[in-house]
Each structure stands twice: as C-alpha cells, then as structure tokens.
Amino acid sequence: MFYSDDIVEEVRSRNDIVDVISEYAGLKKAGNSYKCCCPFHSEKTPSFTVSREKQMYHCFGCGAGGNVYTFIMKYENFTFPEAIDFLAKRAGITLPEKEMSPEDKKKYSRKQQMFDVNKSAAAYFHFLLTKTERGKLGYNYYKERGFTDETIAKFGLGYADIYRDDLYKYLKNKGFSDSIIKDAGLVDFDERNGPRDKFWNRVMVPITDINGKIIAFGGRVLGDAKPKYLNTKETDIFNKSRNLFAMNIARHSRKKGVILCEGYMDVIAMHQAGFDNAIASLGTAFTEGQANLIKRYTNDVYLAYDSDGAGRAAAMKAIQILRNLEMTQRVIDLKPYKDPDEFIKNLGTEQYEERVRNALTGRIYEINSIVENYDLNNPEEKTSFMKEASRLLAGIEDSAERQNYIDSVASRYYLNKDELKKLVSAVGLSGNAADMAAYQTRENRSRVETDPMEDDQKYLLTMMVNEPYLFERLSDIISEDDFTVDYISDVAQCAFSEYRQTGEVNPAKILNRYEDAELQEKVSGIFTKELEFDTTPSVLEKALTDIIIKIKSNNIDRQLKNNTGLSSIELAKKKSEIKKLKIKL
C-alpha cells in the first residue's frame with residue numbers, strides 16, 4: 001500500500017459515493033437510496049443501487065458492488081493507488097509522498113517515463129504532420145482517406161519522417177535515456193549501426209489505454225514496404241491482448257454497445273461518421289482479455305469485420321469468445337463492400353445505421369456461414385445442413401430462446417420446423433462427447449474450487465453486518481475464529497475488531513484494506529447482499545440458530561478430518577452440544 005490506512009480512509013470519507021457516481025451516471029432518489037441503470041452492463045430497468053448511509057453501491061443485475069474506490073477502479077480501469085490519487089485531487093487533498101519501497105519506486109518511475117516518452121513522440125509525429133513541409137506526404141494521405149483536420153487533431157495523428165534517427169535525436173534532446181527510448185519500443189539499437197527509429201516513412205496513430213494515456217503506436221507505411229502496418233512491440237505499459245484501440249472514447253458513447261472492427265483506420269473513419277462506439281483490436285486476433293475489457297462497460301458487441309474470408313473466420317472466433325463470456329454477439333453485413341470505411345463512403349451513415357439495426361445474431365451468422373456449403377435444393381444436402389444446424393442450436397441452454405431460434409432458422413431456410421426440432425432434441429439428448437467431457441471437467445473443477453462452507457459463512461457475516469447489534473448479542477456464541485474461509489475470515493477479523501473498538505461496523509472503511517478490484521467486489525457482496533427474510537426477532541432467531549449450528553458443526557468436522565491433535569471424543573461432545581443450541585435475542 002502506497003499510503004497509510006488513515007490517509008486512505010480520509011480520502012474515501014471526503015468523497016461521498018453518491019456525489020462521485022452522479023458524475024458518471026444519472027442517479028435518482030429511491031427511498032433511502034439512489035438508483036440508475038448499471039454503468040457496467042447494459043440494462044433497461046435500473047438495478048444499480050447506491051447507499052449514502054453505507055457509502056456502498058450494488059448492482060442486482062450483474063453483481064458489481066463496492067465502495068467509492070471500487071467504483072473508480074472499475075469504471076476508470078485504475079489501480080488502487082491511482083484511484084486514491086484521483087479521488088484525493090477531486091477532494092482537494094494533498095497526499096504525502098508515496099510510501100514505496102526502493103524497488104516499487106524504481107518500477108513506478110520507469111513506467112511514468114515510458115508514458116512520458118510516448119507522449120513526446122506523439123507530439124513530435126503530430127507536429128511533423130501538421131506543421132512541416134516534410135509532413136505533407138502523410139497529411140495528404142489522411143486527406144485522401146477523407147479525414148478532417150478535426151479528426152486528425154482528435155486522434156493526434158502524425159507522421160514519422162524518412163530519416164533513420166529523426167525521432168531518436170528529438171527524444172535525446174528532450175532528455176530521455178537510451179534505455180527508456182528502447183524499452184518503449186520507439187528505437188532499435190545496433191552495435192554496428194547505432195540507433196534506428198522503429199517507425200519511419202509512416203503515418204502514425206497513437207494507441208492509448210482506457211484512461212487516454214499513450215502506450216504505443218501503429219504506423220501505416222507510405223509506399224510498398226513491408227509490413228504494411230506496424231505496431232509497437234509489447235512493453236511494460238503495452239499489452240496487445242488487453243487493450244483496444246479507441247476504447248477510452250467508446251466507453252463514454254451514448255450509442256448501444258460497441259462496434260468491433262479489424263483496424264484503427266476503420267475506427268477513425270467510423271468515429272468521424274458519428275459512430276463513436278467503434279473500437280479495434282491491435283494487430284492481433286481478438287482475445288478473451290479484450291472481451292473482458294469490453295464487458296466492464298457493455299455486454300453488447302457488434303462485429304464489423306471485413307467481408308472477405310479472413311474477416312468471416314475472425315468473426316466466427318470472436319463470436320465464440322463473446323459467447324463464452326455470456327456477451328451478446330451480432331454481425332453487421334457490410335456487403336457489397338469490404339470494410340466499414342468503404343461502406344460508409346459509398347452508402348452513407350444512414351444505411352450503415354440500418355445495417356447495425358439489422359445485424360445478425362451470432363447463431364444466425366454461424367448458420368449462414370455453413371449454409372454456403374450445401375445445396376438446399378438437393379434433399380440429401382438439405383438433410384446434412386439440418387443436422388449441422390441442429391448441433392449449433394442444441395448448444396442454446398435457454399429452452400425459450402432455443403425454440404425461437406428453431407422457428408427463425410426453419411422460416412429463413414424453408415425447413416420443416418417439427419423435423420428440425422426433433423433433430424435439435426436428439427442432439428441435446430445424445431450430447432457431443434467432447435462437449436460433455438468439457439462440461440464435466442468444468443463441473444469437477446467447480447466442485448474442487450468451491451468450499452461448501454463459504455456460502456454459510458458469508459451469509460452469517462451478512463446478517464451480522466446488516467444487524468450490527470448481533471455482534472454484541474452473539475459474543476458468547478460466535479467469534480471471528482468461526483469464520484475459516486480465506487477472505488471471509490479476514491473480513492470477519494476486521495468487522496469484529498471494529499465493533500469492539502467503536503460499537504459499529506463501517507463496511508466502506510473495511511473495503512479500503514483490499515487493493516485488488518476483484519477481491520473488493522467479492523468482499524462487497526458480503527456487505528451489500530440483502531437478507532431474504534423478515535428480520536423480526538423470532539424469524540432471525542431461527543435463521544441464526546440454523547446457520548450457526550451448521551457452521552460450527554462443519555468446523556468441527558474439518559478439525560476431525562484434518563487430525564488437528566484435538567481429542568475426537570471432546571470434539572464429538574462439543575458437536576453434540578452445539579446441535580442443542582437455540583439463539584435468543
């Protein structure tokens with residue numbers, strides 16, 4: 001942790017969670033809390049709730065939750081220290097110098113220098129493009145593509161000159177070391193020939209992270225040299241598979257979902273045409289890491305890949321990745337044109353909007369792709385097509401959705417609906433051996449990884465946090481030592497300790513202990529979960545009795561199984577006494 005616990009808590013307490021989230025989403029008062037549509041997933045009915053009293057938020061749709069730090073980390077893709085810095089500035093708090101080890105300071109300083117050197121390089125490329133005679137070559141290229149001066153400025157587009165060490169000399173003059181320039185991927189060093197700029201005679205596109213910091217560059221060659229497109233190598237601040245071009249802009253778009261393209265030139269053209277939700281992967285196939293980045297902001301993805309064979313194959317792979325993450329996949333039909341840029345130039349934005357509205361779902365696109373392999377006028381080939389289509393349809397878990405797809409496919413391809421339904425059912429009953437094996441593996445892994453006591457311990461702690469007086473009433477019956485499951489044990493230690501010291505439990509403060517965003521959300525689930533029963537004394541007594549007996553009995557069973565050295569007779573006697581327990585409040 002860079003800062004002391006007191007500093008972390010002061011920054012949190014000076015940033016009211018309702019005020020902060022109101023700057024990102026339209027909160028409306030709803031009883032004792034505030035509600036809006038969740039900023040982390042697409043929904044029509046508000047399920048995102050913010051409590052000023054608890055200084056916590058929770059989405060009943062996607063399960064996201066936490067305190068003000070969790071929100072800023074998730075929305076802005078900040079680390080915990082970055083969230084502290086951001087909120088401290090917002091509250092006008094001057095932070096002390098970061099409490100870092102020498103190694104941490106070295107890493108932090110080096111990363112900051114890499115951001116700085118990229119920023120300087122981008123400024124130089126843009127200056128060459130827009131202010132010099134030498135940059136006219138690149139400027140004319142962008143103009144031929146139809147880019148306006150406003151678009152050139154918005155994306156910070158630039159030009160890398162024809163000289164081998166032009167950028168290197170500029171950056172050295174700015175005071176950057178050879179090692180930083182090299183590690184940022186801007187210059188190659190050769191013992192015999194010296195430094196050589198990585199990019200030359202190329203139009204340059206700065207690549208930013210989710211917060212708008214320049215982390216890399218993409219360059220398109222002017223001429224016939226290879227490769228046509230060249231990206232910065234992976235560095236300490238640039239990971240191709242975990243970043244997306246223009247995602248920093250698209251996440252703020254008012255349009256539904258994101259439109260995923262193949263290249264950044266397509267994205268720039270689409271933004272200029274008003275589609276500011278367009279993004280692209282960076283010189284690599286679409287990855288699960290990129291899909292997870294999108295999922296932080298929306299579940300809806302429209303694929304606008306090239307309409308050639310390679311584009312169709314890439315779309316099929318992307319559909320599977322998105323489906324595995326339970327994200328909606330739709331494919332935009334760009335025919336008769338190859339890519340979005342060509343389509344918009346020839347048919348205009350209104351036609352493109354219509355294609356977006358009529359985009360095919362991932363399942364229909366997959367079936368459309370396989371139908372090209374069959375002659376549906378041939379009875380045997382039509383039967384083969386039905387069998388292949390049924391295997392795709394059988395993978396739809398929701399029965400209503402599966403039936404709707406059967407109806408749609410039967411209508412679209414003039415198939416007998418009843419026969420197609422029979423085939424889908426047959427596939428579902430027989431199963432695919434590989435799919436079944438994979439499913440079984442997932443189930444077995446899930447059983448191994450999930451502690452059966454976890455839910456009980458979480459729920460008891462939830463009850464106690466919701467009704468803090470229980471810490472005192474149950475003090476002779478249960479303690480933090482009864483909570484044995486990893487992070488739940490840690491949360492219990494904090495909650496019990498805080499109650500003993502202050503007579504209350506502050507969930508938002510406890511969350512300050514956790515720097516990892518995923519762990520924050522797991523812990524916040526304990527604090528934000530609503531009890532599923534009436535908390536009148538008689539009902540609460542019964543619920544507490546049942547769950548405490550279960551937890552204490554399971555802990556004894558675990559001690560017996562692990563042969564902890566305690567007398568098995570004593571433990572058995574203890575378990576027998578526990579089963580007689582009756583809570584009275």
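Is Asp149 buried, partly exposed or exposed?

**Exercise 1. Place Asp149 and its partner.**

Step 1. The model is predicted, local features need pLDDT of at least 70, side-chain atom pairs count only at pLDDT 80 or more, and totals for chains, interfaces and linings use all residues. Residues are numbered from 1 along each chain as its sequence is written, and side-chain values use heavy atoms, with hydrogens and water left out.

Step 2. Buried means under 20% relative accessible area, exposed means over 50%, and partly exposed lies in between (1.4 Å probe, protein chains only). Asp149 has a relative accessible area of 45%, so Asp149 is partly exposed.

Step 3. The side chain of Asp149 meets that of Lys143 in a salt bridge, at 3.1 Å from N to O. A salt bridge is a side-chain nitrogen of Lys or Arg within 4 Å of a carboxyl oxygen of Asp or Glu. Lys143 counts as partly exposed because its relative accessibility is 35%.

**Exercise 2. Describe two further salt bridges and one network.**

Step 1. The structure holds 26 salt bridges. One of them joins the side chains of Glu82 and Lys213 (3.8 Å, N to O). Glu82 lies in helix α4 and Lys213 in the loop between β9 (202–208) and β10 (214–221), so this pair ties together parts that are 131 residues apart in sequence. Helices (H or I, at least four residues) and strands (E, at least two) are DSSP runs, numbered from the N terminus.

Step 2. Glu82 is partly exposed at 28% relative accessibility, and Lys213 is partly exposed at 34%.

Step 3. Asp165 forms a salt bridge with Lys169, with the closest N and O atoms 3.8 Å apart. Asp165 is partly exposed, at 21%, whereas Lys169 is exposed, at 53%.

Step 4. A network of salt bridges links Asp16, Asp19 and Arg52.

**Exercise 3. State which residues of helix α1 are buried and what they pack against.**

Step 1. Helix α1 covers residues 5–13, and Ile7, Val8, Glu9, Val11 and Arg12 are buried in it.

Step 2. These buried residues pack against α3 (68–76), α4 (80–91) and α23 (507–511). Contact means heavy atoms within 4.5 Å.

Step 3. For the whole protein of 585 residues, 46% count as buried. The protein has 26 helices and 16 strands.

**Exercise 4. Find the backbone exceptions.**

Step 1. Most residues other than glycine have a negative phi, and most peptide bonds are trans.

Step 2. The peptide bond from Lys226 to Pro227 is cis, with omega near -5°. Pro227 is placed in the loop between β10 and β11 (229–231).

Step 3. Another cis bond runs from Lys335 to Pro336, with omega near 10°. Pro336 sits in the loop between β15 (328–331) and α14 (340–357).

Step 4. Gln55 has a positive phi, near 55°, and is found in the loop between β3 (48–51) and β4 (56–59). At 14% relative accessibility, Gln55 is buried.

Step 5. Tyr414 also has a positive phi, of about 55°. Its place is in the loop between α17 and α18 (417–430). Tyr414 is exposed, with a relative accessible area of 70%.
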